[in-house]
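Me: I'm new to this structure and would like a close look at just one part of it. Could you walk me through it in plain words?

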Amino acid sequence: MPAPTSPARRVSMVDVARAAGVSQKTVSRVVNDERYVTDEVRERVQRAIEMLGFRPNGAARALVTRRSQRIGVVTMGGTTLHGPVSVLAGVEDEARRAGYALSIVSTTPGGGREIQAAVDSLVSQGVEAIIVSEPQDFGARRLDVPDGIEVLTFSSQAVTSSTREFLAYTDESAGAFEATRHLLTRAPRVDHIAGPPDWLASRSRLRGWRSALTEAGAEIPEPVPGDWSPRSGLEAMRILLGRGARAVFAANDQMAIGAMHAVHEAGLTVGADVAIVGFDDLDVAEYLTPPLSSVQRDFRAVSRVGMRELLARLDGADPATPPGAVDSRLVVRASSAPA
């Protein structure tokens, strides 16, 4: 390939096309992540883009198309929780590749008014679409989104009034069902450390846990709620140990880690005396002592399928069949593996 052009002149699509040995239209298709480009050609164009330092001129494109090339994101619960952070990373990657900028508003847990205010703020910025990540239940009223704005919600339940809303999510109920059924091989009763009750993700995992127990004809004990933190998992596990718990499904890995500490604190052994399964399969899970069994969610896959449908709609494509659920998978490790 030719050497990079001088930094004194802005690199154009023509430069990229010349370097990659393709037409300018092909470069445009790659930049906009359109179809009808072979993997080999796409890779060649991407190499030329990286070598030349090409950046799409979003301002010029907006003047021509009268589009803002901007997507708004409402993420709830802050940006420190593993799920929202991982989904957001995938969204940013897909948006950047397609030449879109993101406007991100992070809201505190609870309060439909604050979330509606976040949506209103994004609409006032002229976003072409709104993404709602890890939503909560904030009452019977749905979020009001004006007509003409595409809406992608990372949840199994719609949360807006928009007829354009579609969903992309992990089948969390199925993952919780599998985890609970596995734990039933270790004990006749499986207790549950639940997430905050107003989170839709908590409800999905609770539903899967309860369904597995119902199908097995097992006792359905009262779950103990936490707030996703290790501290809440520790406190919940102390309560459950007082009930004689010997198998526990925690709604996320952070609470499962706290629960493991409570078991050690009580002079018991995780895996041998008390079986524990978490949810999310954090990178640290397999390096704990003992390694933590967990339900694995493919956050990147969820982000990818949702964003590709959203970007196709923004490019004028008719709505496709909603991407729906991405499968989850139970990873069994020593914290719950049979002896």
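How are α9 and α10 set to each other?

Reply: Happy to, and keep in mind that this is a predicted model. Let's start with the geometry. Two packed helices are described by the angle between their axes and the distance between the axes. Here α9 and α10 pack at about 50°, and their axes lie 6 Å apart. An angle that is neither under 35 degrees, nor over 145, nor from 65 to 115 counts as oblique, so α9 and α10 are oblique to each other. As for handedness, α9 makes a right-handed crossing with α10.

Now for who touches whom. On the α9 side, the contact uses Pro230, Ser232, Gly233, Leu234, Met237, Arg238 and Leu241. From α10 come Gln254, Met255, Gly258, Ala259, His261, Ala262, Val263 and Glu265. Sort the residues of this contact by type and you get eight nonpolar, five polar and two charged.

Both helices also feed into the largest nonpolar core, which has 25 residues. Within that core, Ile193, Met237, Leu240, Ile276 and Leu292 touch the most other members. The elements giving two or more residues to this core are α9 (230–242), β8 (247–250) and α10 (253–265), and α10 gives the most, with six.

Leu240 deserves a look of its own. Leaving aside residues up to four places away in sequence, Leu240 touches Asp191, His192, Ile193, Val224, Ala245 and Val248. Apart from the largest core lies another one, of 22 residues, including Val87, Val91, Ala98 and Leu310.

How values were computed. Residues are numbered from 1 along each chain as its sequence is written. This is a predicted model: local features need pLDDT of at least 70, side-chain atom pairs count only at pLDDT 80 or more; totals for chains, interfaces and linings use all residues. Side-chain values use heavy atoms; hydrogens and water are left out. A nonpolar core is a set of buried Ala, Val, Leu, Ile, Met, Phe, Trp, Tyr and Cys residues joined through side-chain atoms within 4.5 Å. Buried means under 20% relative accessible area, exposed over 50%, partly exposed in between (1.4 Å probe, protein chains only). Helices (H or I, at least four residues) and strands (E, at least two) are DSSP runs, numbered from the N terminus. Contact means heavy atoms within 4.5 Å. Axes are lines fitted to C-alpha atoms, for helices over the stretch in contact, and angles run from 0 to 180 degrees between N-to-C directions. A crossing is left-handed if the near helix is turned anticlockwise from the far one by less than a right angle, and right-handed if clockwise. Ala, Val, Leu, Ile, Met, Phe, Trp, Tyr, Cys and Pro count as nonpolar, Asp, Glu, Lys and Arg as charged, and the others, Gly among them, as polar.
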